[in-house]
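Trainee: Could you give me a close look at one strand of this model, and then show me how its surroundings fit in with the rest of the chain?

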Amino acid sequence: MSEVMEYMTLNVSETQFESDIETDLLNSGYRKADRVEYDKESMLFPNVLLEFIKSTQAREWTRYERYYGDHAVEKLIRRFNDSVASRGLLDVLKNGFEDMGIKLNVCYFKPDSTMNAVLNDRYQKNIIGITRQFPYSTQNNNEIDMVISINGILVFAFELKDQFKNQDYQCAIEQWKEDRDYREPIFKFEQRFFGYFAVDLYEAWMTTE
């Protein structure tokens, strides 16, 4: 309680609440994912995904570029989204996808042991991004308070509320239910976000749909 009262004395804005969370995550190894780099059509941070693939699978990417030439990035994004549409995001994150006989991974999970130096190095190169005031919609100018991405792929979304502005997690839940159009592709189950969070100064609630 004393920490909350100290917070109230210093700053009671929702913006400060966002900033405090962001600062803590950035200090924990997250990277700020610039909202202007987000591509609404592909629902990706394409430059981040490309950076990850180049840093972890240089040989495969060289082959991919050799095959597709100037269209390599366009083909990568299309193949990724086609794979997610047919198999679901979790399966693609875990198993990657193939295109023209070239296997590409979009995420590396923590290895069972530290014996394999290559897998451990690739795991360490995952890029976990955080974005505030995320402009997600192709239909309007709505924003989500905060999102977390892995290698440019959206995985978690947060709406934040502040009791000292007479709002709480229930207001955030209502915002998810009433002010977001579930028909937009970004909200389709198993295509992007795994979890939607409603967070205030005391509680955090989450749902998968």
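Mentor: Happily; what follows starts at strand β7 and works outward to its sheet, the pockets and a few single residues.

A word on the ground rules comes before the tour. This is a predicted model, so local features need pLDDT of at least 70 and side-chain atom pairs count only at pLDDT 80 or more, while totals for chains, interfaces and linings use all residues. Residues are numbered from 1 along each chain as its sequence is written, and side-chain values use heavy atoms, with hydrogens and water left out.

Let's begin with the strand itself. Strand β7 covers residues 195-199, and 4 of its 5 residues are buried, so the rest of the structure largely encloses it. Buried here means under 20% relative accessible area, exposed means over 50%, and partly exposed is in between, with a 1.4 Å probe and protein chains only. Helices (H or I, at least four residues) and strands (E, at least two) are DSSP runs numbered from the N terminus.

Next come the neighbours of β7. On the β6 side, 5 bridges join strand β6 (residues 153-160) to β7, and the two run parallel. Two strands count as paired if DSSP finds at least two bridges between them. One of the residues to click on is L160, whose bridge partner in β7 is V199. Helix α8 (residues 169-178) belongs to this picture too: β6, α8 and β7 make a right-handed β-α-β unit. Right-handed means that, with the strands pointing away from the viewer, the path from the first strand over the helix to the second runs clockwise.

With β8 the direction changes. Strand β8 (residues 204-207) is joined to β7 by 4 bridges, and this pair runs antiparallel. V199 turns up again here, with A204 as its bridge partner in β8. β7 and β8 form a hairpin, and 4 residues lie between them.

Now step back to the sheet. It is open and has 6 strands in the order β1-β4-β5-β6-β7-β8, with mixed pairing. The edge strands are β1 (31-32) and β8, each of which pairs on one side only. Further along that order, strand β4 (residues 128-134) pairs with β5 in the antiparallel sense over 6 bridges; among the contacts, T131 has V147 as its bridge partner in β5.

β7 also helps to line a pocket. The second largest pocket has a volume of about 390 Å³. Its lining comprises 15 residues, and W176, K177, Y196, T207 and E209 are the ones nearest its centre. The elements that give two or more residues to this lining are α8, β7 and β8. By class, the lining has 9 nonpolar, 1 polar and 5 charged residues. Ala, Val, Leu, Ile, Met, Phe, Trp, Tyr, Cys and Pro count as nonpolar, Asp, Glu, Lys and Arg as charged, and the others, Gly among them, as polar. As for the term, a pocket is an open set of points on a 1 Å grid over the protein atoms alone, where a 1.4 Å probe fits, with protein on both sides within 12 Å along at least five of seven lines; lining residues have an atom within 4 Å of a point. A volume is the space filled by probe spheres set on the points.

The largest pocket holds about 450 Å³ of space. It is lined by 21 residues, with C107, Y123, N126, I128 and I150 nearest its centre. α6 (89-95), α7 (117-124), β5 (144-150) and β6 are the elements that give this lining two or more residues, and the largest share, 3 residues, comes from β5. The lining divides into 14 nonpolar, 4 polar and 3 charged residues.

C107 brings us to the cysteines. C107 is buried, at 8% relative accessible area, whereas C171 counts as partly exposed at 33%. The structure holds 0 disulfides (pairs of cysteine sulfur atoms within 2.5 Å).

Two loop residues round off the tour. L44, in the loop between β1 and α3 (46-56), is buried at 0% relative accessibility. H71 sits in the loop between α4 (58-68) and α5 (72-87) and is partly exposed at 46%.

Finally, the whole chain: it has 8 helices and 8 strands, and buried residues make up 43% of its 209 residues. The C-alpha trace spans about 60 × 40 × 30 Å along its principal axes.
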